[in-house]
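This report covers the nonpolar cores, the salt bridges and one buried lysine of a predicted model.

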Amino acid sequence: MKQNNIKVAVTGGIASGKTTVCNYIKEQGFALFSCDEIYAELLTRGAFTEKLTSEFGNDILAADGGIDRHMLANAVFSDSNKLKKLNEITHPLIFSEMFRRAENCKGLVFFEVPVLFECGYEKLFNEVVVVQRDINERILSLANRNKLSLKEAQIRIESQLNYDNCKFEEYYVIHNQGNIDNLRKVIRLILAKMARKYGL
């Protein structure tokens, strides 16, 4: 089947600034799909809820019978086997739905993908943008955002790929240093490079 768009993954560790980068890309008029948003939709579906509770127990249920994302996260982020199982259940469904929605999009199409390299999904995309940020800033940001202790935030970050120890020469890398103007400038440069590369 002929490809009618260029699939670009935007990834990085928890609290690296992926969403900030993606929001600016959307502001520039590009189509963008989020794994997290689709995951949130899946959590409202009864069949998906039943699949998760059969695997992780009823402790992950909220009072309304839906999935309590905080409880689910607590259940899996401290146990690598449970996290792996959660990924095995959710990722095929998320990617199938995400690519289905992107079928009719033209040109550069962006996808916010939190655990791209951990699962080897980089092969599904034409290009990859990696957002990196100082780990101490990430811990503080995640703790504030999700109302976690610093230790809880650190555990969640350390459950993922250590981006600081990886080499990303073949990908576009954005170093998020907290300066929004510089961040946007780098994003615009990357968008322009991709457009030139694919003659868009």
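## Nonpolar cores

In this predicted model, the largest nonpolar core has 34 residues, and those with the most contacts inside it are Leu-52, Leu-72, Phe-111 and Val-113. The elements that give two or more residues to this core are helices α2, α3, α4 and α5 and strands β3 and β4. The most comes from α5, with 8 residues.

Beyond its neighbours within four places in sequence, Phe-111 is in contact with Lys-7, Val-8, Ala-9, Val-10, Phe-33, Met-98, Phe-99, Ala-102 and Phe-125. A second, separate core has 19 residues, including Val-21, Cys-22, Val-129 and Tyr-172.

## Salt bridges

The whole structure holds 7 salt bridges. One of them joins Glu-41 and Arg-101, at 2.6 Å from N to O. Glu-41 is in helix α2 and Arg-101 in helix α5, 60 residues apart. Glu-41 is partly exposed at 33% relative accessibility, and Arg-101 is partly exposed at 30%.

Within α5, Glu-97 and Arg-100 lie 3 residues apart, about one turn of the helix, and form a salt bridge at 2.7 Å. Glu-97 is buried at 15%, whereas Arg-100 is partly exposed at 47%. These four residues, Glu-41, Glu-97, Arg-100 and Arg-101, are linked in a network of salt bridges.

Glu-122 and Lys-123 also form a salt bridge, at 3.9 Å. Glu-122 is buried at 18% and Lys-123 is exposed at 69%.

## A buried lysine

Lys-18 lies in helix α1, residues 18–27. Lys-18 is buried but has no salt bridge, and the nearest side chain of opposite charge, Glu-112, is 5.2 Å away; the cut-off for a salt bridge is 4 Å. Residues that Lys-18 touches include Val-10, Thr-11, Glu-112, Pro-114 and Val-131.

Methods. Residues are numbered from 1 along each chain as its sequence is written. This is a predicted model: local features need pLDDT of at least 70, side-chain atom pairs count only at pLDDT 80 or more; totals for chains, interfaces and linings use all residues. Side-chain values use heavy atoms; hydrogens and water are left out. Helices (H or I, at least four residues) and strands (E, at least two) are DSSP runs, numbered from the N terminus. Buried means under 20% relative accessible area, exposed over 50%, partly exposed in between (1.4 Å probe, protein chains only). Lys and Arg count as positive and Asp and Glu as negative; His and the chain ends are not counted. Contact means heavy atoms within 4.5 Å. A nonpolar core is a set of buried Ala, Val, Leu, Ile, Met, Phe, Trp, Tyr and Cys residues joined through side-chain atoms within 4.5 Å.
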